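Thanks for coming. I have one structure to go through today, and I will keep to a few residues and how they sit together. Please have a look at it first.

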Amino acid sequence: MVFNLLLTCVARCNSPVSYLQLKFWRVYAQRESDLLENYTADHAEKLAERNLKSFFQKTPPEPVTTPPNQAWEKISSLYRFSTKDHYYSILHKYVECHDPAQARNHRMSSVRSDGPDTANPAVLAFVDEGKMML
């Protein structure tokens, strides 16, 4: 236990990241996670309402902008804080480095997981085919 305490102290003393910066990073990551969870829940609810409205009223669905699969893959990778980048998360890096003009070209009007430039993962096949795969 003493060895672990000493190792932790030495690691923190030699770290290029200050204690306050590390504390800020942890708070930022937690808040970003909480907000992402709330935002995705709201977006999913709006999408479900749109689909139900379209189904029961027999009208074409209104277009919904959902990020493409490539964007989800980019923000889903693991992120390790670096003093060189000055990004606090992979989402922060994606937003800062993403080209808005390119985003306009990739807007989706539906939430199908397949497309000309993406593979349809087997786990999502039941979504697009309307049946559950066991």
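I start with one residue and its neighbours. Leaving aside residues up to four places away in sequence, Glu32 touches Ser89, Leu91 and His92. Before going on, note that this is a predicted model.

Where is Glu32 found? Glu32 belongs to helix 2, which runs over residues 19-57. Glu32 is buried, yet has no salt bridge. The nearest side chain of opposite charge is that of Arg31, and Arg31 is 11 Å away. A salt bridge needs a side-chain nitrogen of Lys or Arg within 4 Å of a carboxyl oxygen, so a distance of 11 Å does not qualify.

What does the side chain of Glu32 have instead? It has a polar contact of 2.7 Å with the side chain of Ser89. Ser89 also appears at the start of helix 4. There, a side-chain oxygen of Ser89 comes to within 3.3 Å of the backbone nitrogen of Leu91.

Next, another neighbour of Glu32, namely His92. His92 lies in helix 4. Is His92 buried or exposed? Its relative accessibility is 18%, and buried means under 20%, so His92 counts as buried. Again not counting residues up to four places away in sequence, His92 touches Tyr28, Glu32, His86 and Tyr87.

Now helix 4 as a whole. Which residues of helix 4 are buried? They are Ile90, His92 and Tyr94. These buried residues pack against helix 2 and helix 3.

On the helix 3 side, Ala71, Lys74 and Ile75 meet Ile90, Leu91 and Tyr94 of helix 4. Helix 3 covers residues 69-76 and helix 4 covers residues 90-97. Their axes come within 8 Å and cross at roughly 135 degrees. Angles over 145 degrees would count as roughly antiparallel and 65 to 115 as roughly perpendicular, so these two helices are oblique to each other.

Last, back to salt bridges. How many does the structure hold? It holds one. Lys53 forms it with Glu62, and the closest N and O atoms are 3.5 Å apart. Both partners are partly exposed: Lys53 has a relative accessible area of 43%, and Glu62 has 46%.

To recap, Glu32 is buried without a salt bridge and has a polar contact with Ser89, while Lys53 and Glu62 form a salt bridge. That is all I have.

Conventions
Residues numbered from 1 in each chain as written. Predicted model: local features only at pLDDT ≥ 70, side-chain atom pairs only at ≥ 80, totals over all residues. Heavy atoms only, no water. Helix = DSSP H or I, 4+ residues; strand = E, 2+ residues; numbered from the N terminus. Buried < 20%, exposed > 50% of the residue type's maximum accessible area, 1.4 Å probe, protein only. Lys, Arg positive; Asp, Glu negative; His and termini not counted. Polar contact = N/O pair within 3.5 Å; in protein donor to acceptor, adjacent residues only side chain to side chain. Contact = heavy atoms within 4.5 Å. Axes fitted to C-alpha atoms, helices over the stretch in contact; angles between N-to-C directions. Parallel < 35°, antiparallel > 145°, perpendicular 65-115°, else oblique.
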